[in-house]
Each structure stands twice: as structure tokens, then as C-alpha cells.
Amino acid sequence: MNRTVPALATVGPPRLLAGLDETAWMDREAHLAVHGPAPEPGVDELAGLAEDIGLRGRGGAGFLFARKLRAVAASVHRKGSSVSVVVNGSEGEPGCLKDTALLLYAPHLVLDGAMLAAKALGAQRVAVGVTRPDVERSVSRAIAERDSSGPQADVTLLPERFVTGESSALVRGIDGGPALPSGRRVRTSESGLGGAPTLLSNTETFAQLAAAARLGATGYGACGLPTEPGTVMLTVAGTHVVETPTGVPLTYVLDLCGTAPGQGVLVGGYHGSWLPAQAARTATVSRDSLAAAGGVLGAGAVLPLPETTCPVGEVLRTARWLAAQSAGQCGPCALGLPSLADALADAADGGGQRALDAARARMSAVEQRGACAHPDGTARFVASALTVFADEFAAHALGHGCARPTLGALPLPEGAAVHTSVSPARTDGSARPPAEQLLVDWTLCRGHGLCADLLPGLLRLGADGYPERAVMPLPARMRGRALRAVRRCPALALRVASAG
């Protein structure tokens, strides 16, 4: 946020961005030396500034900050109630570190932005919700350094879950309840902390507001695009935090972080969308450019997929984790997402077109039906993957696969229990897996079903009369019967091949 340093800086822990690598932690004195004192604009002036610079929420949804600020002010005026400001620092996205970086190393900048909004609204409380103990300590230390006059600030440590960052979950957690989505479609601008109107926004949003208030709209727009002025913070490959002016080529940012588009780039995090490699090469860091390419800026996560890993395995691994992140409060999430992951696993293991169709059907079954946005975001991630990696999924579904391992290029929390193999080896009771496989060629199979009679327990037919799987590890004791099934198949759709 400090415009006196190079506009684009890349960092990997413990180094940080925009000069933050020059100090381990910016205390109040150092913060004021760099940024100077914060102004105290009124609510109309602050909303006008946010409007002039096009400030949007940086946590995922990208809602216009000025509109949200005015909505809270209108609610307070109408109800004559108290009002609070909430900073969402609960970065539960495994591929995001930018908000953590800000709160760990420059918490005063974030608190400045929240205090600006609180004073403009007449709020008495600024609440910060976080999920990491080290972040809680950093914010607590910063709060202790600040003047006790004006709005009172506090920080709450919440469970580290993907859904904790959902607005109603965050508010419930700070209020002392379970940090789970409420399932009610009520905006925090109407009813937030303690049921009162609440301005809730993301960590980076408040930091950007603090910088803009000092620089003014003209100074803030000195870098970046005229249509999207200023800078954006990104987390690249789950390990590098970058602050970049808008309009910079995405490939430049990737190259600066020592990576490349590879097979494609996931933008916006695990509720975002995949960009094909070619689209990523021509996209720039801006909402409009990413949207034109089929992506979203979202929470600023940029996750390139290396050529060396299996895209089907990566998507399946992440879909399993997302399903496990359900709050368990509605059927589309608690039942639908595991079912979607199972369908993907079936396709990855050679389940044929039937399995791919089942995955698409299960995506449709969860969309627009959840108590929060988690089912929709997960379905969007899967749908985008099925489009961008269509050939890879088709090859796996037909039993051909890609022979590449799943390297875990998409970051997940350490120790996350997920299924990582797209073709799990099955044994016949011995210590070694079968050396051969029975394969079904879906381009030839006509669903006669004669093979199932010869291979009970190995080859099962689905409800449509076709084999459920295209690739089946073949125990040595069943080899003779498998060869008979191969000879018996009228469509010549079966064959025995080496498992290697």
C-alpha cells in the first residue's frame, strides 16, 4: 500500500510486499512514520471516495464498498440503532495468504481503514475475526498500541474452517455463537453483530480504504487502470504474496513468482474458475480482463497447474476437501457435495460417460439450493474444471488416464484427509497388487452384458446395463475367466492389459 516503494513486489514467507519485508512487524510508530496520520472523513465523503476509486470487497464477492457503506448508514438512520464494523480476517482459503500477511505485518493499516469507517458511521465497536493464533496475537498487540478514545477494537479467534469467512458465520462466531452460516438471507447491513446494522468487509478492503483516504482519489489512481485504479493483492501458487497495479499481465506476475500458466490457472480460489493456459497468457490482472477470459478475481488467489501433475487428480482431491468443509446444515452441501466428489472419483477411475453425466447432474442438484454460497462455489469450481480439462476427464473416464501423478499443486491444509489417487490399486489378498487390468473400450461397448456372467464380483453392470468401470485390476486367479469374457464380447470391447 506504500506508493513510495516499487509498485510490484513479490515475496515468499517470511518476505513480504511493498516494503513490509524491511521490518518484521510495523508498530504504531513505524506505521505513522510511513503513512502519516489518518484523516477522519464523514460518511458521505468516505462513500464518495470509495465510489471514485471503484473500491470493491477483496474477499471474494467483490461488492461495491460505497454501496455497502451507504446501506449501513441508511439502516442506522432508519432504525436509530447502534452500529458496528467487522473486519473479516478469517482467510480459510488454503491458497490465500494476502490477508494473513497484512494482519501479521501491517495490522495498523487495516485497523486504520476500519476506524475510518467506524467514526464515519458513529460506530462504537470494531471487531476483527481471525482464525490463526499468530494473527490474533498480532492484531491484539496493535490494538493495545492505539489510543483508547473513539471506537473500541477487539479481536476474536474463530475455528479455522472454509465456511467461517461467510458473513453470517463470522458474525455469529464473534457474537459468541457457532461460526456457521445462519442459512438466513439477511444482510449484515440490516442485522449483524447483536442484531444491529454492521459494516462487514475483508481485511484488504479496509487496508485499501486507509491508503486511499490518505492519497485521495487522484493519488490512489496514479497507478493501475483508469477503469480499475490502484493495486490488487494476490496470492500466487499458495506461497507468494504480491501487490500489483491493475492492468499488469498475469504472465508477468507468474514469472516474477517463478512459475508459468502450465496446463491452466485457477483464479479466484476454490470458489473461482479455471482459465485455459492460452487465456491466462493474454489476461491481465483486472476484474474485466479476467471476466472476459472466463475467470473471476475473487479472493485474489492465483493457482497455476504445472504440466507435471494430473489435473483430474488435483480437481478430485480439492473437491473431496471442499465436500468435507460443509457446515452440515443443509442437504445440498452435506449430502450433495460428497455425492459430487464421488461422481468425479467414478469418472477418474474409468466410470465412462455415465460418470461424467452423473457429476454434471449432481452439480445442478446443489446449485442455488444451499444455506450459503459454498455449494454454488464448489459447483462452479468443478464445472470450470470439466470444461477446461474436458479432454483429460474424458480420457480418464474411458480408462486411458494420463499416467501423471497427483502432486498436490493445489494447496490444502496440512493433514487434510482427502482421496488423492485417481486409480487406486486393489489387491487379491496378496501383498502385491494385480499385475494386469481388464479394460473396457467405451467407443465399442454396446451394453450386451454377457461379460458380467463370467466375472461376478469383478465386473458389475450399472442400471443402464453397461459396466460400471472401464478399468478393473485383474486378480491372477480370475485371468482365465477374463480371457473368456474377452473372447465372448460381441463388440470386441474388452481386453486384458498390463497394469504398468
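Strands here are DSSP runs of E at least two residues long, and both strands and helices are numbered from the N terminus. With that in hand, select Val496: this residue belongs to strand β13. Keep in mind as you go that you are looking at a predicted model.

**Stop 1: Val496 and its surroundings**

Colour Val496 and switch on a surface. The residue is partly exposed, because its relative accessible area is 22% and the buried class ends under 20%. Now show what Val496 touches beyond its neighbours within four places in sequence: Glu436, Gln437, Leu438, Leu474, Ala482, Leu483 and Val486.

For a sense of distance, select Arg28 as well. Its C-alpha atom and that of Val496 are separated by 71 Å, with the two positions 468 residues apart along the chain.

**Stop 2: the sheet that holds β13**

Next, pick the strands around Val496. In what order do the three strands of this open sheet run? The order is β12-β11-β13, and the pairing is antiparallel. As background, strands of a sheet pair through backbone hydrogen bonds, either parallel or antiparallel.

Select 471-474 for β12 and 494-498 for β13: these two stand at the edges. Each has a single partner strand, so one side of each has no neighbour in the sheet. Then add residues 436-440, which make up β11; this strand pairs with β12 over four bridges, in the antiparallel sense. To see a facing pair, pick Leu439, which stands opposite Val471 in β12.

Tilt the view to see the turn of the strands: ignoring direction, neighbours in this sheet are turned by 30° against each other on average. Now bring in residues 479-488, helix α19, which packs on the sheet and touches β11, β12 and β13. The direction of α19 makes about 140° with that of β13.

**Stop 3: a strand covered on both faces**

Move along to residues 264-267, strand β8. Are its residues buried or exposed? Gly264 and Leu266 on one side, and Val265 and Val267 on the other, are all buried, so both faces of β8 are covered.

Two strands pair with β8. One is β9, in the antiparallel sense over four bridges, and here Leu266 stands opposite Trp274. The two strands form a hairpin with five residues between them. Click on Gly268 in the turn, which has a positive phi of about 90°.

The other partner is β10, residues 301-305, again antiparallel and over four bridges. Look for Val265, which stands opposite Pro304 in β10.

**Stop 4: Trp274 and the aromatic cluster**

Stay on Trp274 and add Phe389. Trp274 is buried, with a relative accessible area of 2%, and Phe389 is buried too, at 3%. How many aromatic pairs are there to hunt for? The count comes to six.

Try the pair of Phe65 and Phe206: the ring centres are 6.0 Å apart and the planes stand at 85°, so this pair is edge-to-face. Phe65 lies in helix α3 (residues 65-79) and Phe206 in helix α8 (residues 203-220), so the pair ties together parts 141 residues apart in sequence. Phe65 and Phe206 are both buried.

Back at Trp274 and Phe389, the rings also form an edge-to-face pair, with 5.0 Å centre to centre and 75° between the planes. Trp274 is in strand β9 (residues 273-276), while Phe389 is in the loop between α16 (374-388) and α17 (390-397), so the pair ties together parts 115 residues apart in sequence. Select the wider group next: Phe162, Tyr270, Trp274, Trp321, Phe381 and Phe389 form one aromatic cluster.

**Stop 5: arginines over rings**

Show Arg67 and Phe63 as sticks. Arg67 lies over the face of Phe63, at 5.8 Å from the ring centre. Then go to Arg141, which lies over the face of Trp25 at 3.7 Å from the ring centre.

**Last stop: zoom out**

Return to a cartoon of the chain, which has 19 helices and 13 strands. Along the principal axes, the C-alpha atoms fill a box of roughly 85 × 45 × 40 Å. The radius of gyration is 26 Å, which agrees with the value near 23 Å for a compact globule with 500 residues. Colour by burial and you will find that 53% of the 500 residues count as buried. Finally, among contacts between residues at least 6 apart in sequence, 71% join residues at least 24 apart.

Methods:
Residues are numbered from 1 along each chain as its sequence is written. This is a predicted model: local features need pLDDT of at least 70, side-chain atom pairs count only at pLDDT 80 or more; totals for chains, interfaces and linings use all residues. Side-chain values use heavy atoms; hydrogens and water are left out. Rings of Phe, Tyr and Trp (its six-membered ring) pair if their centres lie within 6.5 Å; planes under 30 degrees apart count as stacked, over 60 as edge-to-face and the rest as tilted. Buried means under 20% relative accessible area, exposed over 50%, partly exposed in between (1.4 Å probe, protein chains only). A charge sits over a ring if NZ of Lys or CZ of Arg is within 6 Å of the ring centre and within 35 degrees of the ring normal. Two strands pair if DSSP finds at least two bridges between them. Axes are lines fitted to C-alpha atoms, for helices over the stretch in contact, and angles run from 0 to 180 degrees between N-to-C directions. Contact means heavy atoms within 4.5 Å. The radius of gyration is taken over C-alpha atoms; the globule rule is 2.2 Å times the number of residues to the power 0.38.
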